[in-house]
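Okay, thanks everyone, let's get going. I'll put the structure up and then walk you through it.

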Amino acid sequence: MLIHNIFKPKRLSFWESLNAWVFVAPWILGFIFFTGGPILASLVISFTEWDIVNPPVWTGLGNYKLMLSDPLFFQSLKVTTIYALVAVPLQIVVGLFIAILLNTKIRLIGVYRTLFYLPAVLPIVSVAVMWRWILSRDWGLINWFLSVFGVYGPGWLSEPEWALPALILMSLWGVGSGMLIYLAGLQGIPSDLYEAAKVDGAGAWASFVYVTLPMISPVILFQLVVGLIAAFQVFAQPFIMTQGGPQNSTLFYLLHLFRNAFEFFRMGYASALSWVLFMYIAVLTLLIFRFSAAWVFYEGEIKDE
Amino acid sequence: MTPISAGTSLKVASAQKRPIDWAKVLAHIILIAGSIMFLMPFVYVVSTSLKTAGEVYSFPPEFIPDPVAWENYPDALTAMPFDRFFLNTIFLAVGRILGLTLSCSLAGFAFAKLRWKGRNTLFFVVLLTLMIPTEVTLIPRYILFTKLGWINSFAPLLVPGFFAENAFFVFLFRQFFMTMGQDLIDAARIDGCSFAGLFWRIIVPNAKPVFAVVAIYVIQNNWNSFLLPMIYLTDRAKYTLALGLRLFNEQYYSQTHLLMAASVFVVIPIVILFFFMQRYFIQGVVFTGSKG
């Protein structure tokens, strides 16, 4: 990207620049009206009380103070954080595990890949409706499966301690897209690294730990960040399957925000919620990147140890 | 270091006659078990959708319905105007494909192939917007569209598409165009081709795969989209399939056989598209992971 500027074959042509600005104009306008502008607007709105119909009332930090005394805010933050901490690593482990199996140069790889990936492309509302039935206590597939082993399954979506685990379990059905990304990463690892490891006497486990994991670690980091952001955007599943219940055990952050904005029309408070979420995600992402230097390996990088 | 392609080593290995590779057998066993686990929920739902109301509630479940209640599909799909929901969804998908491919590819072209001041700065802004969670813009956009009187119309879902709303697509087009040879472009310029002509006649015809990837992405996102259509579309006649299914889920809560038929119906177009266009689905995902 920068190399172009260093060499500068000729002076920038006015005509070329003009064309370029015309071509990016839609994006610039879109950025101003639909992204940049709204971000600033939501910050301003977060300092007000506003139901859209009546004029907004400036309340300063009122909404942020209100948040500290809102038990549902803390509950939704807790639910979403637990989900992110459990579901995202599980998705990584399961996705990577399937990808490694598919990377063993076996037959029917295309068929397996299709089967594992398919659930990930299904529309989420359908998946939610389907899984409400699959998780049903008396007639569901999961509890039938458990009953084969003599286990009497719980009312997954009706018992507070089981509803969140049920949604985490369901999220594993969608690991297919992660699996594809790991598979692409695994196929990019030069095979002479494995051959060298073999010569050094490394078994399957050792070559996984010392070759596969370091080589795939940038992909894992990327999936960790993407998964985290996705976890904070979970909405349709609790909205359709549990309405945040039972006893707010699946009150995801976005569901709480949605209710404040579009059921109670507290636009100011909901905007404050969205900014706190924005900051929370930004801090978590920074922390992940900060500590990634310890475990993420980039090719061409030399480490002093 | 010279990377050896996977294909080479495979040929070498299979050229020698070898005994049964137990590692591969084990891999197959685990993969088959896993595939069954991944497929079962879908099989169970399809089987439920073909049962009569009485058959649904049996434990242990019967996987093969007897009799097969094909009538569940027409019954479910006529209980609500699903044809209308389907057309609305298609209309939105087409509109968004038009808007997003046009506006994002033009921006991607300017970022990849034209030399102008401010290019790097603006591209940095594009990358920054990739990190912004949608929640932050949700409320101001809703207020903006309310003030414009666009609530209960398709405009809030369509118009931003024409303004390169999706930064990831801009990035995707730019990366693809970067790989296209400069000589062809320079030759066209020397022949007096305008920049717009260059885009239409050289870039677009040579970049069909990336357009296909983006179009598939848009269709899939559009089928998936729930929160935004729900806040903008209030009139049932304007509902998308996702909204229609959610309404069906509320009104036919206890009629599981019809509910499953409706949810299978919503899923089927995407499944068909997936089987025919799998290559583009996979390309898109892999691109996201490896270069994003």
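I'll go through the domains, then the contact between the chains, then one helix, and finish with some backbone oddities.

One thing up front: this is a predicted model.

So, chain A. It's split into domain 1, residues 12-63, and domain 2, residues 64-292. Their C-alpha centres sit 32 Å apart. Where they meet, 14 residues of domain 1 of chain A are in contact with 12 residues of domain 2 of chain A. On the domain 1 side, the elements that give two or more residues are helix H2 (14-45), strand E1 (48-49) and helix H3 (62-68) of chain A. H2(A) gives the most there, with 3 residues. By class, that side of domain 1 of chain A comes out as 6 nonpolar, 6 polar and 2 charged.

Now chain B. Here domain 1 runs over 22-70 and domain 2 over 77-291. The C-alpha centres of those two domains are 33 Å apart. The contact takes 9 residues from domain 1 of chain B and 7 residues from domain 2 of chain B. On the domain 1 side, H2 and helix H3 (53-56) of chain B each put in at least two residues, and H2(B) gives the most, with 4 residues. That side of domain 1 of chain B has 5 nonpolar, 3 polar and 1 charged residues.

Okay, on to the two chains together. How many residues does each chain put into the contact? It's 83 from chain B and 78 from chain A. On the chain B side, helix H2 (residues 22-49) of chain B has the largest share, 15 residues. And what kinds of residues are on that side of chain B? We get 56 nonpolar, 20 polar and 7 charged.

Next, a helix I'd like you to find on the screen: H6 of chain A, residues 124-134. It's mostly covered, with 10 of its 11 residues buried. Among the buried ones are Trp131(A), Arg132(A) and Trp133(A), so you've got a charged side chain listed there too. What do the buried residues of H6(A) pack against? Within chain A, they pack against helix H7 (141-148), helix H8 (160-171) and helix H12 (236-241). From chain B, the partners are H2, helix H14 (241-251) and helix H15 (256-276). So H2(B) turns up again: in this packing, and on the chain B side of the contact with chain A.

Last bit: the backbone. There's a cis peptide bond from Gly245(A) to Pro246(A), with omega near -10°. Pro246(A) is in the loop between H12 and helix H13 (253-263) of chain A. In chain B, the bond from Asp66(B) to Pro67(B) is cis, omega near 0°, and Pro67(B) lies in the loop between H3 and helix H4 (72-79) of chain B.

Then there are positive phi values in residues that aren't glycine. Asn152(B) has a phi of about 65°, in the loop between helix H7 (135-147) and helix H8 (155-158) of chain B. Ala164(B) has phi near 50°, in the loop between H8 and helix H9 (167-178) of chain B. Is Ala164(B) buried or exposed? It's buried, because it has 30 other C-beta atoms within 10 Å and the cut-off is 20 or more. Asn152(B) counts as partly exposed, because it has 13 C-beta neighbours inside 10 Å.

That's my tour, so over to you.

Terms used:
Residues are numbered from 1 along each chain as its sequence is written. Chains are lettered from A and ligands numbered from 1 in the order in which they are written. This is a predicted model: local features need pLDDT of at least 70, side-chain atom pairs count only at pLDDT 80 or more; totals for chains, interfaces and linings use all residues. Domain bounds come from an automatic or database domain assignment. Two residues are in contact if their C-beta atoms, placed from the backbone, lie within 7 Å. A residue is buried if 20 or more other C-beta atoms lie within 10 Å of its own, exposed if 12 or fewer, and partly exposed in between; C-beta atoms are placed from the backbone.
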